[in-house]
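Hi,

Here is the structure I promised to send over. Have a look at it first, and then read on for my notes on what turned up.

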Amino acid sequence: MREAHTVAQVRAAEAALAGQPLMDRAVAGLAATCARLLARRRGRVYGARVLVLAGSGDNGGDALFAGAALARRGAAVTAVLLAPERAHPGALAALRATGSQLTADQDVGLADFRRADLILDGIVGIGGRGGLRPAAQPYARAGRRGLLVAVDLPSGVDADTGEVAGEALRADVTVTFGTHKPGLLIDPGAEYAGTVQLVPIGLRPPAAPVQALQHADVAALLPRPGAESDKYRRGVLGVLAGSERYPGAALLAVAGALHGGVGAVRYQGRPGEEVVRRHPEVLLTPGRVQAWVVGPGSGDEAPGALADALADEVPVLVDADGLTELARLGPGALAGRAAPTLLTPHTGEAARLLGGGVTAQQVAGARLHRARELAERYGAVVLLKGSTTVVARPDGAVRVNPTGTAWLATAGSGDVLAGFTGALLAAGLGAFDAASAGAYLHGVAGRIAAADAPVTAGEVAQALPAAWREVCGV
Ligand SMILES: NC(=O)C1=CN([C@@H]2O[C@H](COP(=O)(O)OP(=O)(O)OC[C@H]3O[C@@H](n4cnc5c(N)ncnc54)[C@H](O)[C@@H]3O)[C@@H](O)[C@H]2O)[C@@H](O)CC1
Ligand SMILES: Nc1ncnc2c1ncn2[C@@H]1O[C@H](COP(=O)(O)OP(=O)(O)O)[C@@H](O)[C@H]1O
Ligand SMILES: [K+]
């Protein structure tokens, strides 16, 4: 599991280790990564052109020290100081001692930026506030031919949220220290970070408020039938999806559900005959279920379907038209429920649920904040879909989904996700676990099915067993 901590937590963990050479450890890891990248790209460090962008804090200090280490191995290093009078004195002296060029001339900096083999972004790290300051902004726009390595995090990305106010530097690799920062895992920040490498420096931070699961974590959550299992004990998922107008959503939600580890899927929506024709495994008779999925393609039938599902004291996953209806009713509609509710909005649906003029774009720009806000307001687990899927619990705990591909942005793939995740709920996973495992496997299935080419939602559903096998290592 990858864990991400807030700036306040990192500062506290650092304070607890006062006196230890944390910066030396950080710099050693940073310089080693840079040397490896240069060796891979051009055979050796000797003779490489390296540009260090150094701001006024310790982040700039890390970059300058790493620049000095590379200079000692024969790299031609130039450092551009964005706040020359406040640059880290010890690191400046170290770089000076190598005979490297130091300048405050931004024209020299920009010219070197374009032609360097490797650029170290040490403008600002976890001490950053607000967007990039004017002196640094040209670097966010300038072209380059070399690799850009962000020190701790790309300058301009908010460490705690992944929000980018204005511009940020776009890194190929981010070398981060001690622990991940949430902004490295959540878009838009994650998109600027490139590949993230963690350099341990001995921090012992508290429990992480933001986690990203990996294969083994998800494998441990997935249901497995035991010798005593029968189809009812494995769980039955009820699906209230599709309508005369949108029958496809029912088919896709059921296709996802059938791969989600339940013993049976009970379809209770309108185009029943069609669903059974395509999926003969499905039950159409009414009966008990262990969880409901309600809303995909429900159209005009959403109000009745949502009321029916919420009235049953089992976990309910609300998606699509069910969310539009819930937005109309407001959080009060969930107030009396004892069983968990899981909401799976995309950014537009999340904006509708939040109301108050919030736009989809604002949700996309502040995913962590908005997912937490929704979860708290509705007292429900929220799976906010999109370029980074974020799963939030009402108490603020968050899991960020690391899998997926932009090819998943295709009509109906959300219906598959809803059905599949609902099945995990019915199979007995808690809402937070079902949402995180559902998003994870759906993302892996998307990658397998798409293989870098356009993909349909139906193909994503078909790839779910392969994703399950991959994640479980079988
Ligand atoms: N504290 C520690 O024990 C360690 C810190 N390390 C490094 O230290 C960094 C944090 O250092 P600092 O606390 O000095 O903070 P930073 O170096 O991240 O930034 C603070 C400085 O940047 C300026 N600044 C703030 N916002 C800015 C913006 N938007 N644009 C331009 N300049 C801005 C501030 O005026 C301040 O001078 C970490 O990111 C990491 O790189 C590592 O060496 C590991 C150990
Ligand atoms: N840019 C993107 N990168 C990765 N995944 C995305 C992106 N945009 C959307 N997705 C994923 O694609 C799926 C689309 O779901 P949704 O918006 O509900 O579509 P639909 O309603 O057509 O089924 C979700 O799993 C979402 O997380
Ligand atoms: K940085």
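A320 is found in helix α13. Keep in mind throughout that this is a predicted model. What caught my eye at A320 is the backbone: its phi is near 50 degrees, a positive value in a residue other than glycine. Is A320 buried or exposed? The cut-off for buried is 20 or more other C-beta atoms within 10 Å, and A320 has 26, so it is buried.

Helix α13, residues 320-329, also turns up in the packing around another helix, α14. The buried residues of α14, which runs over residues 347-354, are T347, E349, A350, A351 and L353. Besides α13, the cover over those residues includes α15 (360-365), α16 (367-378) and β15 (381-384). Right after α14 comes G355, and its phi is positive too, near 65 degrees.

Back to odd backbone angles, there is another non-glycine residue to look at. D152 has a positive phi of about 70 degrees although it is not a glycine. D152 sits in the loop between β6 and β7 (173-177). With 28 C-beta neighbours inside 10 Å, D152 counts as buried.

There is a cis peptide bond as well, joining D187 and P188, with omega at about 5 degrees. You'll find P188 in the loop between α7 (182-185) and α8 (189-193).

Now for the binding site. Which residues does UniProt list under that heading? The entry, which is unreviewed, gives N59, D121 and S155. They span 97 residues in sequence, yet no two of their C-alpha atoms are more than 9.7 Å apart, so they gather at one spot.

Taking two of them in turn:

- N59 is found in helix α3. It is buried, with 26 other C-beta atoms within 10 Å. Leaving out residues up to four places away in sequence, N59 touches G122, V124, G125, G127, V151 and D152.
- D121 belongs to strand β5, residues 118-122. It is buried, with 31 other C-beta atoms within 10 Å. With the same sequence neighbours left out, the contacts of D121 include L53, L148, V149, A150, V151, P154, S155, L169 and A171.

So D152, the residue with the positive phi, is one of the contacts of N59, and S155 from the UniProt list is one of the contacts of D121.

The model also carries two ligands, so here is what lines each of them. Ligand 1 is surrounded by 26 residues, and the closest are G57, D58, N59, G125 and G127. Which helix gives the largest share of that shell? It is α3, with 4 residues. Helices α2 (22-42) and α3 (58-72) each supply at least two residues. By class, the shell around ligand 1 has 11 nonpolar, 9 polar and 6 charged residues.

Around ligand 2 there are 18 residues, with H346, K385, L408, A409 and G414 the closest. The largest share here, 4 residues, comes from helix α17, which covers residues 413-426. This shell divides into 6 nonpolar, 10 polar and 2 charged residues.

UniProt, again in an unreviewed entry, lists residues 214-471 as "domain: YjeF C-terminal". In the model that span is 46% helix and 11% strand, and its end C-alpha atoms lie 9 Å apart.

On to the sheet. 10 strands form an open sheet with mixed pairing, in the order β1-β9-β17-β16-β15-β14-β13-β12-β10-β11. The edge strands are β1 (2-4) and β11 (264-267), each pairing on one side only. From one strand to the next, the twist averages 20 degrees. If you want a place to start, follow β11 to its partner β10 (residues 236-240): the two run parallel over 4 bridges. Within that pair, L237 has V265 in β11 as its bridge partner.

One last spot to check is G143, in the loop between α6 (137-141) and β6 (147-151). With 7 C-beta neighbours inside 10 Å, G143 counts as exposed. The C-alpha atoms of G143 and R114 are separated by 5.8 Å, with the two residues 29 apart along the chain.

Cheers

Key. Residues are numbered from 1 along each chain as its sequence is written. Chains are lettered from A and ligands numbered from 1 in the order in which they are written. This is a predicted model: local features need pLDDT of at least 70, side-chain atom pairs count only at pLDDT 80 or more; totals for chains, interfaces and linings use all residues. A residue is near a molecule or strand if its C-beta atom, placed from the backbone, lies within 6 Å of it. Ala, Val, Leu, Ile, Met, Phe, Trp, Tyr, Cys and Pro count as nonpolar, Asp, Glu, Lys and Arg as charged, and the others, Gly among them, as polar. UniProt positions are given in the numbering used here, feature names are shortened, and annotations may be inferred rather than shown by experiment. A residue is buried if 20 or more other C-beta atoms lie within 10 Å of its own, exposed if 12 or fewer, and partly exposed in between; C-beta atoms are placed from the backbone. Two residues are in contact if their C-beta atoms, placed from the backbone, lie within 7 Å. Two strands pair if DSSP finds at least two bridges between them. Axes are lines fitted to C-alpha atoms, for helices over the stretch in contact, and angles run from 0 to 180 degrees between N-to-C directions.
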